[in-house]
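Please open the model in your viewer and keep the sequence panel beside it, since this tour moves from one selection to the next.

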Amino acid sequence: MVADTLGLSFGALVLLGGVIGFIKSNSGASLISGLVFGALIAVTTQYAASNAKAFNLLPAVVCLVLCLVMGNRFLNSKKFMPAGMVSLLSLLMFVRHAFRYF
């Protein structure tokens, strides 16, 4: 089985960010979105790494959705941390998976 360590690390980072957001500001929305997006990124990235090239579209879509959600938060708050950083990293991961797909 092939492991995509970069994708799994990004999924863990998103998941950890949701937990930290919950601890710091008692935000249930941060916890739920971090857990959901982190798990989706980790699972779809691992699935794409061990299957056909076409499955790289799954983590690309998840990363694009996360990029758009966090990019919107960044534009509204004008604070780079955490929304801007997560948006930028999600965009980079989207590009990575999109290039693997095409």
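Begin by selecting the buried residues of helix H4, which are Ala83, Gly84, Val86, Ser87, Ser90, Met93, Arg96, His97 and Ala98. Bear in mind as you look that this is a predicted model. With those residues still highlighted, show the other helices as well: the buried residues of H4 pack against helix H1 (5-25), helix H2 (28-50) and H3.

Now widen the selection to residues 80-101, which make up the whole of helix H4, with 22 residues. If you place a distance marker from the first C-alpha of H4 to its last, the helix reaches 29 Å, which is close to the 32 Å expected at 1.5 Å a residue.

Next, select Asp4 together with Arg96 and display their side chains, which meet in a salt bridge with a distance of 2.8 Å from N to O. This pair links distant parts of the chain, for Asp4 lies in the segment before H1 while Arg96 belongs to helix H4, and the two are 92 residues apart. Are Asp4 and Arg96 buried or exposed? Both of these residues are buried, and for Asp4 the relative accessibility is 5%, so it falls under the 20% that marks the limit for a buried residue.

Keep Asp4 on the screen and add Arg100, whose side chain meets that of Asp4 in a salt bridge of 3.5 Å, again from N to O. Here too the pair links distant parts of the chain, with Asp4 in the segment before H1 and Arg100 in helix H4, 96 residues apart. Through salt bridges that share partners, Asp4, Arg96 and Arg100 are joined into one network. The count of salt bridges in the model comes to two.

Stay with Arg100 for a moment and switch to a surface view. Arg100 counts as partly exposed because its relative accessible area is 37%, a value between the 20% and 50% limits. Which residues does Arg100 contact, leaving aside its neighbours within four places in sequence? They are Asp4, Lys53 and Asn56. Selecting Lys53 is worthwhile for a second look, as the C-alpha atoms of Arg100 and Lys53 are separated by 7.0 Å although the two residues are 47 residues apart along the chain.

Move now to helix H3, which covers residues 57-77, and select Val65, which has its place there. Val65 is partly exposed, with a relative accessible area of 38%. Add Leu57, Val61 and Val69 to the selection, and you will have the residues that, together with Val65, make a nonpolar surface patch of about 290 Å².

For the last stop, select the cysteines Cys63 and Cys67 and show their sulfur atoms. How many disulfides are there in this model? The count comes to zero disulfides. For Cys63, which is in no disulfide, the nearest cysteine sulfur is that of Cys67, 8.9 Å away, and a disulfide would need the two sulfur atoms to be within 2.5 Å. Cys67 is likewise in no disulfide, its nearest cysteine sulfur being that of Cys63. As you turn the model, note that Cys63 is buried, with a relative accessible area of 0%, and that Cys67, at 10% relative accessibility, also counts as buried.

Key:
Residues are numbered from 1 along each chain as its sequence is written. This is a predicted model: local features need pLDDT of at least 70, side-chain atom pairs count only at pLDDT 80 or more; totals for chains, interfaces and linings use all residues. Side-chain values use heavy atoms; hydrogens and water are left out. Buried means under 20% relative accessible area, exposed over 50%, partly exposed in between (1.4 Å probe, protein chains only). Patches are made of residues with over 30% relative accessible area and no salt bridge: like charges are joined within 9 Å, nonpolar side chains (Val, Leu, Ile, Met, Phe, Trp, Tyr) within 5 Å. Accessible areas come from the Shrake-Rupley method with a 1.4 Å probe; for residues, only the protein chains shown count as cover. A salt bridge is a side-chain nitrogen of Lys or Arg within 4 Å of a carboxyl oxygen of Asp or Glu. Helices (H or I, at least four residues) and strands (E, at least two) are DSSP runs, numbered from the N terminus. The expected span of a helix is 1.5 Å times one less than its number of residues. Contact means heavy atoms within 4.5 Å.
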